[in-house]
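Here is a short report on how two chains meet and on one sheet in the first of them. Look at the contact surface, then at the strands.

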Amino acid sequence: MRTIRKEKRLDKFLTKSEEQKTQSKDTDTTTTSSLFTWTGHPFTDAGLVALLLLSGKKKPEELSKEDIENVVNFASRLYARKEWSSGYIHAMMLPNSGILMANPSMAKKRTPEAIKKNLLSLLNEKEDPRAPICEICGRRHARIKPVYRSDFPLVGTGGVPNYFPSGKDGANICSHCLFLAQMMPLVAYRLSRVLIIHAYPYQLMLEFHKEAIEDIKKSELASTARDFKRPENFLFEKLTEIGTKFEIGKLENASITLYYFVNNNQSQEMEVIYIPNPVLRFVAFAARVDRAGWKKIVSMGWNKGCAKRLSKKPEEIPKSCSNDVYSKLLSGGSILPYFIDFQNRKVNASWRLLSFYCSEVLGLDREALEFIKGIADRIVETVEKLPDNKLSRRIRELERAEKLYQFESFFIRVEKDRQELGIPEALMSFDDFARILTSYGEDLNVSWKTVKNLLLFRIYEKLHDRLMKASAEEVEAEENEEEFEEGGEE
Amino acid sequence: MIRVKLRAWTASFRFPTFQSGYQPTLPVPPPSTIQGILSAAKGEPVYLTQLPYVGYIFKSSGKGVDLEKIYALGKVETDIMKREFHYNAELYLYLPDEWKQYFKRPRYQLLLGRSSDLAIVEEIKENISLDEKEAPLGGTVVPIELGVPGMVHALVVEYDYSTVPRRAKLVKPFVVLPYPKTAAEKRRQTTRGFYDSELGIGVYLHRWSR
């Protein structure tokens, strides 16, 4: 937690006209000297990523005219092919594109040279100072020629001009941003729709789209994202891989937004999936610190019906099935129960990973976490002295606590156990008891059920072997009882 | 400083370039929507780059998707669009004192996005004092340089209304920060800034006049 400095009144701020404090972080958003800049728009930034990756550069200002021409040559050669033109660009991204000549009527004239000429002419297009500024980069004047969705995905058509200012002129986008949008197909992932992973800092975006370029170099076809059918599954898979390379500190202010869209003559759809920063850092942390644990957590989340259907092709499950762990992480829900295998009374991951998740994603402060851990250790200290059958029964009471009063009763029983066993000092004070039952109830993510799961995690971690042995004995005893009862009836 | 509270049943803030088929809403209004609201209240074009400061906080009870029938301009044709919208929306504006008169009797209707997203002025509070401290930000956009993680997007700050059609005057990339709903989210979005103790949220004062 950062130190809070002495408070200052707002009127002082207003009268002194002090500069509003901004942390000079790694920004790279506006470099007016270079031909292209990062804009914050996912489609133009993706185009810039293509230029950088194909040129082996990291920053827009490092791009030379030669680099740009080389990429244009590369792109034009691919775009002239049918697999790209009608099968991808026209079908999913830029229907009837005149610039990339994806319009079916242009098939006969479509050549790499013609496409290259169109692309370079965008860069050489003269600016008209009477035109409005570009609504994406804000640096240059918008193109005079209207920009519709055939040239820039999803901006709307002249056919339904309701959303353009004045209702007829198309979007105000400059020729350079339009050029970058034409480069986007090179780095986009082709799932059932088109996936763009927009990341900040932008260097992270280069990492996420590197694979697309590598795939194109190998097959000369757009990357299919390893045949993943779900964008979030692909993202989490990549994040786990990238997370092992990145230090957690480098992801401190990182953010990722997935733009999953289709833009053709039949339909235009757009899904915006924002990946919260703590989730990014948690997955990266899991990949570095407890990859096996993270794998187990994820494996518990697959949609059961889908996983059953694909049981003969298990490698397809992560590509096609929905996963509760992913959806909960994206929607702000808790994945705490997935850290525990209730059936086998064991933990799926290390306490270190659990602790990071609780503090960074759920927002539980470290002091509270240590407090709960301390209580759990004292429960363990008590119940491990009980005989196996009683130990199992006691823990089952905690497992089955669905109402607050049942949770409360568990502590009272353990307290009695302590007295019967002659363990000095109480399990907890009255204040601790009140805190554990009521203090974590305000936030949906951090309720008493969270405390229950944390306690169980620690108990399973310490007593798994004995609990499993006791469970097996219980089952055996129950079976014997049944046999006896059945025999009695006869 | 005054704080104006607006309320609307619905609000919808289109991503600047996503207007075909499905229109997702931004989590919070872009600065250009604030410019529109101020202009409607005053009854003439207002430029954020001429105000000493402006801050805003937006929150809603949730989001939904509406099916909207569109009558295409200039021809006898209709279309169906899917439009995402916020439900039960609130917008707090932090403005210099002279804005009290305009929000007391707004000249034109106030809208949180589209023409159907009609808003009312629920409260105008004077003598608002904000303290500088570590505070959770949210329900607003902040400059990327602030270093707070969130969705990055290019947004128009303000339009020039001296021409028809209007023209963008200033465009910048921003971090779009939703209103934090949980303690965990508040902690993620905490940075040093101004704090409205009454609402329990940080306020970023934009000063584009610089």
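One salt bridge crosses the interface of chain A and chain B by the rule applied. The model is predicted. The partners are Glu269(A) and Lys82(B), and their closest N and O atoms lie 3.2 Å apart. That distance falls within the 4 Å cut-off for a salt bridge. Polar contacts also cross the interface: 18 residue pairs, with both residues at pLDDT 80 or more.

Several elements of chain A supply at least two residues each to the side that touches chain B. Among them are β1 (8–9), α1 (10–16), α2 (42–55) and α14 (351–362). β5(A) gives the most, with five residues.

The side of chain A that touches chain B breaks down by class as follows.

| Class | Residues of chain A |
|---|---|
| Nonpolar | 33 residues |
| Polar | 27 residues |
| Charged | 19 residues |

In total, 79 residues of chain A are in contact with 63 residues of chain B. The two chains bury about 5,800 Å² between them. Carbon and sulfur atoms account for 55% of that area.

Now the sheet. In what order do the four strands of the open sheet in chain A run? The order is β2-β3-β4-β5, and the pairing is antiparallel. β2 (189–190) and β5 (268–275) of chain A are the edge strands, each pairing on one side only. Strands of a sheet pair through backbone hydrogen bonds. In chain A, seven bridges join β3 (residues 194–200) to β4 (residues 255–263). Ile197(A) stands opposite Leu258(A) of β4(A).

Notes:
Residues are numbered from 1 along each chain as its sequence is written. Chains are lettered from A and ligands numbered from 1 in the order in which they are written. This is a predicted model: local features need pLDDT of at least 70, side-chain atom pairs count only at pLDDT 80 or more; totals for chains, interfaces and linings use all residues. Side-chain values use heavy atoms; hydrogens and water are left out. Two strands pair if DSSP finds at least two bridges between them. Contact means heavy atoms within 4.5 Å. Buried area is the accessible area (1.4 Å probe) that two parts lose on being put together, summed over both. A salt bridge is a side-chain nitrogen of Lys or Arg within 4 Å of a carboxyl oxygen of Asp or Glu. A polar contact is a pair of N or O atoms within 3.5 Å; within protein, one must be able to donate a hydrogen and the other to accept it, and residues adjacent in sequence count only if both atoms are side-chain atoms. Ala, Val, Leu, Ile, Met, Phe, Trp, Tyr, Cys and Pro count as nonpolar, Asp, Glu, Lys and Arg as charged, and the others, Gly among them, as polar.
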